[in-house]
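Here is a short tour of one protein chain, written for someone who likes to know the cut-offs behind each term. Keep the viewer open as you read.

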Amino acid sequence: MPDDARARHRTGTGLGVLLALVLAAVLLTALPDDGEREGGGTCAPHTVASWSADDELTAEFARYGDDPTRTDDWTGGDGTHSVRLPDGRLLWLFSDTYLGQVYAPPNPFGESHTWRDTTAPLVRNSAVVMRDGRLESTLAAPLFPDPAPNQWRWPVAARVEPRSPGSSEQVVRVLLWVRTAGQAPWIYGVPTATEVATLSLPELRVESVVKVLDQQLVPDPSRRVLFGTTLVEEGGWTYVFGGDDGQAASRPASHAYVARVPEGKLAQAGAWQYWDGSRWARAGARPRAVLGDGRRTGVGSAFSVVRVRGTYVLFTMAAGTAGLTTVTSYWACAPTGPWHGPTKDFSPALPQGGQVAAYNPQTHPELSGGGRLVLSYDVNWLETTGAAAQLNRNVSLYRPRFVTLRVTRPR
């Protein structure tokens, strides 16, 4: 019992005792579950101690993308996410993707770049299968068809889970962001909805797509929240992180949010719970940001969270102009925060100097281990005008790059 309640009890005021008990019950229902409390377990501050380029994994995507034997497979893309399948394969998911023929250098400008013709098809999403560290095939693209005219689906995080709670049959759940064509500043689409697709195993056939959070009734697009940029599994729950599009509304940083879903229920909208600032609330509640002040702290449009030795570590592009080149991190003892940081930054290698930007840092736990953490980042042409021509002129630009991190407690 709290100290103030004991004081009331010593005065003999029965009403005070009753009020204290009611208050305690309310507080207990509002607190996160065991294992989520600040300072619990082995949680401690963590930061990036060192990093190095993962040239082998980066080169594998270059090899596959440059292979000229097929014209219907992946030659470049962004929005890099991955998930390990039960048979050991790795499924890589991408948002906007170039297909088509790739040609050896020199390109039409006389440069020593592998290149594509300007008529190369661009699809809104794709999936590539890796086996034993080697990319081997592209699924029919786009894997997820457009939901309506002027709308498209970008796949984000995915996980393998039971088809239903307790079932021995497994499926792949893929989180999807639905966006609608818009005008500046929404040149990458207006946030519209979060969906969950179910893929069969082992065929990876799309069985269904369900909408779990519709944001069309939120009038201000910068306040619309899309979930699924990253997933963390812990204690029978899948924690699903998301963000708003504050950067599109000229704020230096967007806000991060978190929801949770019982294992096996990602595709059930009614099973989702959203953190509202004090408790987990059911569908219909307005999520409240767990990170971001819109200025110095916050996240990019896509970020990643991983659990390291009892601590949640979040990777994102830095706030402000540094976010074009620099990855930073935050740490917390619970998915709901409080999040501490930003901590130590690092700037991975970028081709062509200041003409390109890095974005979408994503961790890949299924490739990590032994104290090392694999992280990918995407690269794109900095100026939107003429970007497609530049990406076709040098196909190596629009592909994921990888680094290996060591995340430790600060000394």
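## Strand 16 and its partners

Strand 16 and strand 17 (residues 256-262) run antiparallel and are joined by seven bridges; strands here are DSSP runs of E with at least two residues, helices are runs of H or I with at least four, and both are numbered from the N terminus. Two strands pair if DSSP finds at least two bridges between them. Within this pairing, Trp237 has Pro262 of strand 17 as its bridge partner. This is a predicted model, in which local features need pLDDT of at least 70 and side-chain atom pairs count only at pLDDT 80 or more, while totals for chains, interfaces and linings use all residues. Residues are numbered from 1 along each chain as its sequence is written, and side-chain values use heavy atoms, with hydrogens and water left out.

On the other pairing, strand 15 (residues 226-234) is antiparallel to strand 16, again with seven bridges. Leu226 has Gly243 as its bridge partner, and Phe227 stands opposite Gly242. The two strands form a hairpin with two residues between them, and Gly235 in that turn has a positive phi of about 60 degrees.

## A covered strand in an open sheet

Why is strand 16 described as largely enclosed by the rest of the structure? Seven of the seven residues in strand 16 (residues 237-243) are buried, so the surrounding structure largely encloses it. Buried means under 20% relative accessible area, exposed means over 50%, and partly exposed lies in between (1.4 Å probe, protein chains only). In a regular strand, side chains alternate between the two faces of the sheet. Here Trp237, Tyr239, Phe241 and Gly243 are buried on one side, and Thr238, Val240 and Gly242 are buried on the other.

The wider sheet is open and has five strands in the order 15-16-17-18-19, with antiparallel pairing. Its edge strands are strand 15 and strand 19 (280-281), each of which pairs on one side only.

## Strand 9 between two neighbours

Strand 9 (residues 126-131) is mostly covered, with five of its six residues buried. It pairs in the antiparallel sense with strand 4 (residues 90-94) over five bridges, and four bridges join strand 9 to strand 10 (residues 134-138), also antiparallel.

Val129 takes part in both pairings: Val129 is the bridge partner of Leu91, and Val129 stands opposite Ser137 in strand 10. The hairpin of strand 9 and strand 10 has two residues between the strands, and Asp132 takes a positive phi near 55 degrees there.

## Arg401, a buried charge

Arg401 is found in strand 25 (residues 401-408). What is the nearest side chain of opposite charge to this buried residue? It is Asp378, 8.0 Å away, and Arg401 has no salt bridge. A salt bridge needs a side-chain nitrogen of Lys or Arg within 4 Å of a carboxyl oxygen of Asp or Glu.

The side chain of Arg401 does reach the backbone oxygen of Leu397, at 3.3 Å. Leaving aside neighbours within four places in sequence, Arg401 is in contact (heavy atoms within 4.5 Å) with residues including Thr58, Ala349, Pro351 and Tyr377.

## Gly284 and the whole chain

Gly284 sits in the loop between strand 19 and strand 20 (304-308), and at 80% relative accessibility Gly284 counts as exposed.

Overall, the chain has four helices and 25 strands, and buried residues make up 51% of its 411 residues. Of the contacts with a separation of 6 or more, 59% are between residues 24 or more positions apart.

Note on methods: Lys and Arg count as positive and Asp and Glu as negative; His and the chain ends are not counted. A polar contact is a pair of N or O atoms within 3.5 Å; within protein, one must be able to donate a hydrogen and the other to accept it, and residues adjacent in sequence count only if both atoms are side-chain atoms.
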